[in-house]
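Here are my notes on the model you sent round. Please read them with the coordinates open.

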Amino acid sequence: MTDANVLLRQHQRDEHGGESTGRRIFRYVPYTIVQDASAQPEYEASCVSGEEEDCGAGSGPCQAPGEVEEWQRRHTQETRHLRYRRSFADYAVLERQG
């Protein structure tokens, strides 16, 4: 018998006053994953143009995608670089339905 099985049997005995019924009840509780409204999402871009290696310049975290796009336009004007990696990050919470 594996350690996990031994622990399960012990838990079942403790839960049922020394008797093992071999049954457990699991209740389904529906949740929805939603964006956390209390935290601002972040947008960011980094320049991955370059022959030998990536440029590596970055916009830093921004609060709106338009800010990142403006940074990309300015960087392209200054460097003629055309390829960027964009990132979006947010916080999510699980909310109980019903």
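The numbered points below go from the overall fold to single residues.

1. **Status and fold.** This is a predicted model. The protein chain has two helices and four strands. Along the sequence they come in the pattern α-β-β-α-β-β. Of the contacts with a separation of 6 or more, 53% join residues 24 or more positions apart.

2. **Surface and burial.** The protein chain has 98 residues, and buried residues make up 14% of them. Its accessible surface is about 8,200 Å². Carbon and sulfur atoms own 46% of that surface.

3. **Core.** Which residues form the largest nonpolar core? There are six: A45, C47, C62, V68, W71 and Y84. Strand β2 (42–47) and helix α2 each supply at least two residues of this core.

4. **W71.** This core residue deserves a look of its own. Neighbours within four places in sequence are left aside here. W71 is then in contact with A45, C47, A57, G58, S59 and Y84. Of these partners, A45, C47 and Y84 are themselves listed in the core.

5. **A57.** A57 sits in the loop between β2 and α2. A57 is partly exposed, at 24% relative accessible area. Beyond its neighbours within four places in sequence, A57 is in contact with A45, S46, C47, W71 and H75. A57 and A45 are 12 residues apart in sequence. Their C-alpha atoms are 8.6 Å apart in space.

6. **P61.** P61 is also found in the loop between β2 and α2. Is P61 buried or exposed? P61 is exposed, with a relative accessible area of 56%. Leaving aside neighbours within four places in sequence, P61 is in contact with E42, Y43 and E44. P61 and A45 are 16 residues apart in sequence, with a C-alpha to C-alpha distance of 8.2 Å.

7. **Cysteines.** How many disulfides does a search of the whole structure find? The search finds zero. For C47, the closest cysteine sulfur is in C55, at 3.9 Å. A disulfide needs the two sulfur atoms within 2.5 Å, so this pair does not qualify. C55 is likewise in no disulfide, with the sulfur of C47 as its nearest cysteine sulfur. The two sites can be set side by side: C47 is buried, at 1% relative accessibility, whereas C55 is partly exposed, at 34%.

8. **Salt bridge.** The count of salt bridges comes to one. R74 pairs with E70. Their closest N and O atoms are 3.9 Å apart. The cut-off for a salt bridge is 4 Å, so the pair counts. Where do the partners sit relative to each other? R74 and E70 are four residues apart in helix α2 (residues 65–79), which means that about one helical turn separates them. Both ends are partly exposed: R74 has a relative accessible area of 38%, and E70 has 36%.

9. **Nonpolar surface patch.** Which residues form a nonpolar patch on the surface? They are Y31, I33 and L94. Together they have about 350 Å² of accessible area. L94 lies in strand β4 (residues 92–96). L94 is exposed, with a relative accessible area of 57%. That value is over the 30% required of a patch residue, so L94 meets the accessibility condition.

10. **Backbone at R80.** R80 has a positive phi of about 70°, although R80 is not a glycine. R80 is placed in the loop between α2 and β3 (84–89). R80 counts as exposed, at 63% relative accessibility.

11. **Points to keep in view.** Three places are worth opening in the viewer. One is W71, with its contacts to A45, C47 and Y84 among others. Another is the C47 and C55 pair, whose sulfur atoms are 3.9 Å apart and too far for a bond. The last is R80, for its positive phi of about 70°.

Key:
Residues are numbered from 1 along each chain as its sequence is written. This is a predicted model: local features need pLDDT of at least 70, side-chain atom pairs count only at pLDDT 80 or more; totals for chains, interfaces and linings use all residues. Side-chain values use heavy atoms; hydrogens and water are left out. Patches are made of residues with over 30% relative accessible area and no salt bridge: like charges are joined within 9 Å, nonpolar side chains (Val, Leu, Ile, Met, Phe, Trp, Tyr) within 5 Å. Accessible areas come from the Shrake-Rupley method with a 1.4 Å probe; for residues, only the protein chains shown count as cover. A salt bridge is a side-chain nitrogen of Lys or Arg within 4 Å of a carboxyl oxygen of Asp or Glu. Buried means under 20% relative accessible area, exposed over 50%, partly exposed in between (1.4 Å probe, protein chains only). Contact means heavy atoms within 4.5 Å. A nonpolar core is a set of buried Ala, Val, Leu, Ile, Met, Phe, Trp, Tyr and Cys residues joined through side-chain atoms within 4.5 Å.
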